[in-house]
Amino acid sequence: MSALTDRLDRAAAQTRVAGAMSALLRRLRHAGGNVALGLIDQALLSGSAFVLTIVLANVLDINSFGRFSVAWAFSILIEAVFLRGLFDDGLPATAHRIPKSLWPQLRLGLYLSSLLASGALGLLLVSAGLVIVAVGGDAGGLVIATGLAIPAVRLQSMFRRICYLDGRLPRALASSLTYCVALVVSAGLMIALKLAGATAAMACIAISAALAGSLLLARTSELARPQARIFRGSLQRLFRNGRWFVATSLTYWIGSIGLIPVCGFLIGLDASASLRILLLVFAPLSQFCATMFSVRLPEIAAELRAGRRSAVAAAARENALLLGSIAAAYGTAVVLLGQRILALVIHGQSYEIGTGSLALMGAAMALDAVWLGLALPLFATGKPQRFMLSRIAGLVALCCVLPFAAEAWQVMGAVAAMVASSAASVITVVLTNSARERT
């Protein structure tokens, strides 16, 4: 009898193990599919931006391209720092605090509130552009086009973020494909009609983003009029954590994309153009890290919501090692092949991009990837303030190094200041994490 019982127990144990392994494999296949779709999605956006930037770098004179780069940098400040920080970055942690049955209300509430905010900012820019045109300024048209692009890009970004939250990445992919096709067509028309310029390029972005974001109109059945209590509570929770997301993203913007207008002021518009090209070379790496962040954030938010501190620390180390290793490999490839590739795709313009600048930018991006990996679990639990000290340390290092390095080494000096900023951020976050784990 005991032998029969032992056999039954062993059979039950084997069944449990087989079931657990099967469930694990299903989760891995699901995660792998999401990552693959996310990479394709980001590749479309990154590829379209890369092609547009290369086209502009070839057809515009270096100062006009510098002006477009400055306008692009400020549009990123408004969209990717302020609006995304308020509405997008804290969404997974907020959404998982309410029942999924209420998510249709959350979706519509987010669409309306984010469009209202971006529309107000866009209207301010359009008004400023009209004033500039009235007084005879050259930049008025570019300011107007940027103002129109901001709510269009916000609509597309909000639609894609909700697709990622719902785990419906094919919809995000369809939106990005629509954007890519529309951008190619509009840019082709811009060149065919001989309208190539910074203003026309920004208008192409606005039109393409509006078309891509309009795909939400096909999903109105998944939206519901939000109850005042649900709407108010969700926005309060988003904004309460959003100020930390905005502050953290702002310090990152200042130390990377924000250097484009700063270099234009300290060195000249040609330096802004060169720094934009450098950032473009590393855009695929940034997009890959953004994909991993977008795909993993909802998953980690669900897993770590009731998790222990050790689980958060383990997830941070795992993501930092993964992203840092990939960034180091990418940077090595860029140092070896970057100048050859740039020589093939850019003709007729002289940009200040040497092997030293490429190597320093690779180091800065690798350090940023490590920082992002360390930060991801705390973003998932809605606690970005714990990483704010590290970004402040990076900003202090940037301010100390940039004026002297830019004067001495021009663009390469500005990139060296980025390395100092990223290194200070990573060192600070590692030290604060170690101190927190000991307590």
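Me: Let's start with one residue: how does Val185 count, buried, partly exposed or exposed?

Reply: A word of warning first: this is a predicted model. The general idea is a pair of cut-offs: under 20% relative accessible area is buried, and over 50% is exposed. Val185 has 48% relative accessibility, so it counts as partly exposed. You'll find Val185 in helix α6, which covers residues 169–192.

Me: And which residues make the nonpolar surface patch with Val185?

Reply: Val185 is joined there by Leu177, Val181, Leu189, Leu193 and Leu195. The patch comes to about 570 Å². As general background, an α-helix has 3.6 residues a turn, so residues three or four places apart point the same way. Keep that in mind when you look at the numbering of the patch residues.

Me: Let's step back. How many helices and strands does the protein have?

Reply: Count 14 helices and zero strands. Of its 439 residues, 49% are buried. Its accessible surface is about 19900 Å², and carbon and sulfur atoms hold 69% of that.

Me: What about Ser208, is it buried or exposed?

Reply: Ser208 counts as buried because its relative accessibility is 0%. This serine belongs to helix α7, residues 198–213. Apart from neighbours within four places in sequence, Ser208 contacts Tyr179, Ala182, Leu183 and Ser186. Ser208 has buried company in α7 too, including Ala201, Cys204, Ile205 and Ala212.

Me: What span should α7 have, and what does the model show?

Reply: The idea is to allow 1.5 Å a residue, so the 16 residues of α7 should span 22 Å. The C-alpha atoms at its ends are 23 Å apart, which agrees.

Me: Which residues does Leu110 touch, beyond those up to four places away in sequence?

Reply: Look for Phe87, Leu91, Met158 and Leu238 around Leu110. Leu110 sits in helix α4, residues 103–134, and counts as buried because its relative accessibility is 2%. Leu110 and Ile162 are 52 residues apart in sequence, with their C-alpha atoms 9.3 Å apart in space. For the protein as a whole, among contacts with a separation of 6 or more, 82% are between residues 24 or more positions apart.

Me: How many salt bridges does the structure hold?

Reply: There are eight. To read one, find the closest N and O atoms of the two side chains. For Arg154 and Glu79, N to O is 2.9 Å. Arg154 lies in helix α5 and Glu79 in helix α2, so the pair ties together parts 75 residues apart in sequence.

Me: Which other residue forms a salt bridge with Arg154?

Reply: Asp88 does, with its closest N and O atoms 3.0 Å apart. Asp88 lies in the loop between α2 and α3, so this pair ties together parts 66 residues apart in sequence. Asp88 is buried, with a relative accessible area of 1%, and Arg154 is buried at 0%. Glu79, Arg84, Asp88 and Arg154 are linked in a salt-bridge network.

Me: How many disulfides does the count come to?

Reply: In general, a disulfide is a covalent bond between the sulfur atoms of two cysteines. Here the count is zero. Take Cys400: the closest cysteine sulfur, in Cys399, is 6.9 Å from its own sulfur, too far for a bond. Cys400 is partly exposed, with a relative accessible area of 48%, whereas Cys204 is buried at 5%.

Notes. Residues are numbered from 1 along each chain as its sequence is written. This is a predicted model: local features need pLDDT of at least 70, side-chain atom pairs count only at pLDDT 80 or more; totals for chains, interfaces and linings use all residues. Side-chain values use heavy atoms; hydrogens and water are left out. Helices (H or I, at least four residues) and strands (E, at least two) are DSSP runs, numbered from the N terminus. Buried means under 20% relative accessible area, exposed over 50%, partly exposed in between (1.4 Å probe, protein chains only). Contact means heavy atoms within 4.5 Å. Patches are made of residues with over 30% relative accessible area and no salt bridge: like charges are joined within 9 Å, nonpolar side chains (Val, Leu, Ile, Met, Phe, Trp, Tyr) within 5 Å. Accessible areas come from the Shrake-Rupley method with a 1.4 Å probe; for residues, only the protein chains shown count as cover. A salt bridge is a side-chain nitrogen of Lys or Arg within 4 Å of a carboxyl oxygen of Asp or Glu. A disulfide is a pair of cysteine sulfur atoms within 2.5 Å. The expected span of a helix is 1.5 Å times one less than its number of residues.
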